[in-house]
Amino acid sequence: MEMMKPPAEVLYARELQALQQEDTGKRPPNWLLSPVYIRDFIIGREQPARLDGEEVTITRKFYGNDILIERAIVTLAGNRGLMLVGEPGTAKTMLSELLSAAISGTSTNTIQGTAGTTEDMIKYSWNYAMLLDKGPSEQALVPSPLYHGMKKGIVTRFEEITRCPSEAQDSLISIMSDKVMNIPELESGVLFAKPGFNIIGTANIRDKGVNEMSSALKRRFNFETIRPISNVKLEARIIESQAHNLLVHSGIDMPIDLEIVELLATTFMELRTGMTREGYKIDVPQAVMSTAEAVSVYVQSAMTSYYYEDKNVTLDRLVQNMLGTVAKENEKDLAALKTYFSRVIKERAREDQLWAAYYEEKKWIG
């Protein structure tokens, strides 16, 4: 079946199968891989694995703190949940997906937190037609991803937990403490979690104050902070890799322009940190200038060039698509981008042909 965005367990199926075949290490109950092999799956390794007589390269999928990955895996083997926090676009969701796929074989057992999320959506609800016809029964119960996670002994992902109302969040407290869900409407009345069950939550720092987690709930999680990428070369590699995957899945056969990727990575990092590589301070837009946004800008620019000009990504399309990202929070942020072009890029344009061509596209900013 064709998918617009295959989950990690599909995208990296051969790697997971090869590692599982090779893995003889110690593993927690109901885990598909041992902690050592889960770490290798996420951060990659030099030695390929073998599957059906063929070598399978184990690629790096997460770029960041490798020790954080080890701590996250050990947390999920214990009694506490894992909470991944950080700026928007720092790959918290991707890491959550990779961990779930490697531990449980599925990353789609997910609750998406919103302002409208209720306790019923987190725990369980009812098929009211069956409920009225036959009364409370397991057949009439509509299980949530959390219910499935407990019943099957698999990881449940809870995305953007701080977007949920506080009372909905706190419905997790007793479940995480006792690993039991009470269902008073049923005669059996209790669902005990099978070994292997745990929760990975994510929350972005910018929304921390939307619905602050209670102290009681925080104590049920170990927190790990995902930091933004701080190296231009590394950020460029991530943009290159993710943009390539997205374009391939969109049916676009187009080489990645590495020079434009590095230029884009430099722009985003300098606007994100407020510091240029020459050591000058610059204005920082309110918009999220994350690696994920940079990937989106490159992919949108490449697709625009592909469909409208039938050629590779161009600088004018790059700047045009950058405007929407910078002005996402506040249109006044375009002034910060304009100043960046006028001062930083103009200076570099005197010595570098690519930056000179980039500077010419300042006309799109207005």
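## A tour from pocket to sheet

Begin with helix α12, which gives the most to the lining of the largest pocket, six residues in all. The model is predicted, so to speak of its local features requires pLDDT of at least 70 and side-chain atom pairs count only at pLDDT 80 or more, while totals for chains, interfaces and linings use all residues. Residues are numbered from 1 along each chain as its sequence is written, and side-chain values use heavy atoms, with hydrogens and water left out.

**First stop: the pocket.** Select K5, M94, E97, Q242 and L246, which lie nearest the centre of the largest pocket among its 37 lining residues. Then colour α1 (8–11), α5 (92–104), α12 (232–249) and α14 (291–308), the elements that each give two or more residues to that lining. Helices (H or I, at least four residues) and strands (E, at least two) are DSSP runs, numbered from the N terminus. A pocket here is an open set of points on a 1 Å grid where a 1.4 Å probe fits, with protein on both sides within 12 Å along at least five of seven lines, and lining residues have an atom within 4 Å of a point. Coloured by residue class, the lining of the largest pocket shows 19 nonpolar, eleven polar and seven charged residues, where Asp, Glu, Lys and Arg count as charged, and Ala, Val, Leu, Ile, Met, Phe, Trp, Tyr, Cys and Pro as nonpolar, with the others polar.

**Second stop: M303.** Stay in helix α14, where M303 has its place, and show the surface of M303, which is partly exposed because its relative accessible area is 21%, the bounds for that class being 20% and 50%, with buried under and exposed over them (1.4 Å probe, protein chains only). Next select L247, S250 and I252, which M303 touches once residues up to four places away in sequence are set aside; contact means heavy atoms within 4.5 Å. A distance label from M303 to I252, C-alpha to C-alpha, should read 7.8 Å, although the two residues are 51 residues apart in sequence.

**Third stop: the nonpolar cores.** Select Y298, L318, M322 and Y358, which touch the most other members of the 39-residue largest nonpolar core. Helices α12, α13 (258–273), α14, α15 (315–326), α16 (334–349) and α17 (353–360) each supply at least two residues of this core, and α13 provides the largest share, seven residues. Apart from this core lies another, of 33 residues, including A18, I38, I69 and V155. Such a core is a set of buried Ala, Val, Leu, Ile, Met, Phe, Trp, Tyr and Cys residues joined through side-chain atoms within 4.5 Å. Centring on M322, show L264, T267, F268, V297, L337 and Y358, which M322 touches when residues up to four places away in sequence are not counted.

**Fourth stop: strand β3.** Select residues 81–86, the strand β3, in which six of six residues are buried. With side chains shown, G81, M83 and V85 point one way from β3, whereas L82, L84 and G86 point the other way. Add β11 (residues 221–226), which runs parallel to β3 and is joined to it by six bridges, and find M83 opposite F223 in β11. Then add β10 (residues 198–204), also parallel to β3 and joined to it by five bridges, with L82 standing opposite I200 in β10.

**Last stop: the whole chain.** Zoom out to the 17 helices and eleven strands of the protein, whose C-alpha atoms fill a box of roughly 75 × 55 × 40 Å along the principal axes. Of the 366 residues, 49% are buried.

Technical notes. Pairing = 2+ DSSP bridges.
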